[in-house]
Amino acid sequence: MALKVYADRMSQPSRAVLIFCKKNGIDFEEIRVDVLRNEQFTPEYKAINPMSQVPAIVDGGFKLFESHAILIYLSCAFPGVASHWYPGDLTIRAKIHSVLDWHHSNLRRGTVGLVFNTILAPLFGLPSNLQTAKESEKLLMKSLNKLENFWLKDGSFLVGSSQPSIADLSLVCEIMQLQLLSETDCNRILSPYKRVVEWMEDTKKATAPHFDEVHEFLFEAQKRIREQTAKESSGKD
């Protein structure tokens with residue numbers, strides 16, 4: 001039976017898992033879980049992931065959720081996966097885990113808090129918190145600074161590597177969510193961090209053509225959001 005990947009391409013962690021599978025030639029079936037339609041709360045999906053989040057996988061009789069755990073499992077379970085994604089060296093693996101743990105409490109919190117409270121919540125009529133958005137942007141900028149001056153200081157990719165690991169893919173997919181902001185805000189946030197921008201491009205190239213293909217859903221959403229924002233702004237003039 002082919003691996004089943006339950007995902008929503010608007011989800012940063014979902015995109016990371018999908019790109020990883022495609023890049024490494026893993027045979028899988030993608031099953032969309034539309035988060036905006038609350039499909040993650042259906043009894044059928046909760047039987048796979050009781051936490052009601054995406055992504056999740058089913059490999060035979062084995063079920064797993066949490067994207068970092070999934071990426072580690074896929075790296076070890078499928079023999080065709082290139083070794084640089086999750087090297088066998090214990091010290092390098094430990095460094096990768098360190099980045100992934102840091103990511104959840106820092107970069108991800110900043111990105112999610114900012115994009116949700118400034119773009120997604122107002123767009124879908126959900127309550128937003130501008131104070132949380134402000135605090136999230138502050139955390140995001142601090143996290144990007146750490147990426148620029150610490151995590152990327154020793155090599156082209158994270159933890160001093162010359163090729164991307166699962167940590168690079170996970171974090172770059174996270175930062176790509178900023179594309180939902182206005183072009184002005186996205187550039188304002190990212191442009192001070194030249195090394196981060198270069199690293200993102202290097203990761204995209206290393207996973208081409210799958211990176212752009214999986215992100216196409218995000219780019220379409222970006223276009224719709226920016227067109228709607230421009231229309232609303234024009235109506236206020």
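What follows is a short chat about the predicted model shown above.

Visitor: What am I looking at, and how are the residues numbered?
Guide: This is a predicted model, with residues numbered from 1 along each chain as its sequence is written. Local features need pLDDT of at least 70, side-chain atom pairs count only at pLDDT 80 or more, totals for chains, interfaces and linings use all residues, and side-chain values use heavy atoms, with hydrogens and water left out.

Visitor: Cool. How many helices and strands does the chain have?
Guide: Ten helices and four strands. Those are DSSP runs numbered from the N terminus: H or I of at least four residues for helices, E of at least two for strands. Along the sequence, the pattern goes β-α-β-α-β-β-α-α-α-α-α-α-α-α.

Visitor: And why call it as compact as a globular protein of that length?
Guide: Because its radius of gyration is 18 Å, close to the 18 Å from the globule rule for 237 residues. That radius is taken over C-alpha atoms, and the rule is 2.2 Å times the number of residues to the power 0.38. The C-alpha atoms fill a box of roughly 60 × 45 × 30 Å along the principal axes.

Visitor: What share of the chain is buried?
Guide: 47% of the 237 residues. Buried means under 20% relative accessible area, exposed is over 50%, and partly exposed is in between (1.4 Å probe, protein chains only).

Visitor: Which residues sit at the heart of the nonpolar core, in terms of touching the most other members?
Guide: In the largest one, with 61 residues, those are L144, L147, I175, L178 and W199. A nonpolar core here is a set of buried Ala, Val, Leu, Ile, Met, Phe, Trp, Tyr and Cys residues joined through side-chain atoms within 4.5 Å. Helix 7 (residues 166–176) gives the most to this core, with eight residues.

Visitor: What does W199 touch?
Guide: Skipping residues up to four places away in sequence, W199 touches L147, L152, S156, F157, L158, D168, L171, V172 and I175. Contact means heavy atoms within 4.5 Å. Apart from that big core lies another, of seven residues, including Y6, I48, A56 and V58.

Visitor: Back to helix 7. S170 is in there, so is S170 buried or exposed?
Guide: Buried, with a relative accessible area of 5%. Leaving out residues up to four places away in sequence, S170 touches A16, H68, L71, L100 and H103.

Visitor: H68 belongs to helix 3, right? Which residues of helix 3 are buried?
Guide: Yes, H68 is in helix 3 (residues 67–77), where S67, H68, I70, L71, I72, L74 and S75 are buried. They pack against strand 1 (3–7), helix 1 (12–23), strand 3 (56–59), strand 4 (62–65), helix 4 (90–105) and helix 7.

Visitor: New topic: what's up with P13 in helix 1?
Guide: P13 is buried, at a relative accessible area of 13%. Beyond neighbours within four places in sequence, P13 is in contact with P55, S67 and R108. P13 and A2 are eleven residues apart in sequence and 20 Å apart in space, C-alpha to C-alpha.

Visitor: And A230, where is that?
Guide: In helix 10 (residues 210–236). A230 is partly exposed, with a relative accessible area of 45%. A230 and S182 are 48 residues apart in sequence but 9.8 Å apart in space, C-alpha to C-alpha.
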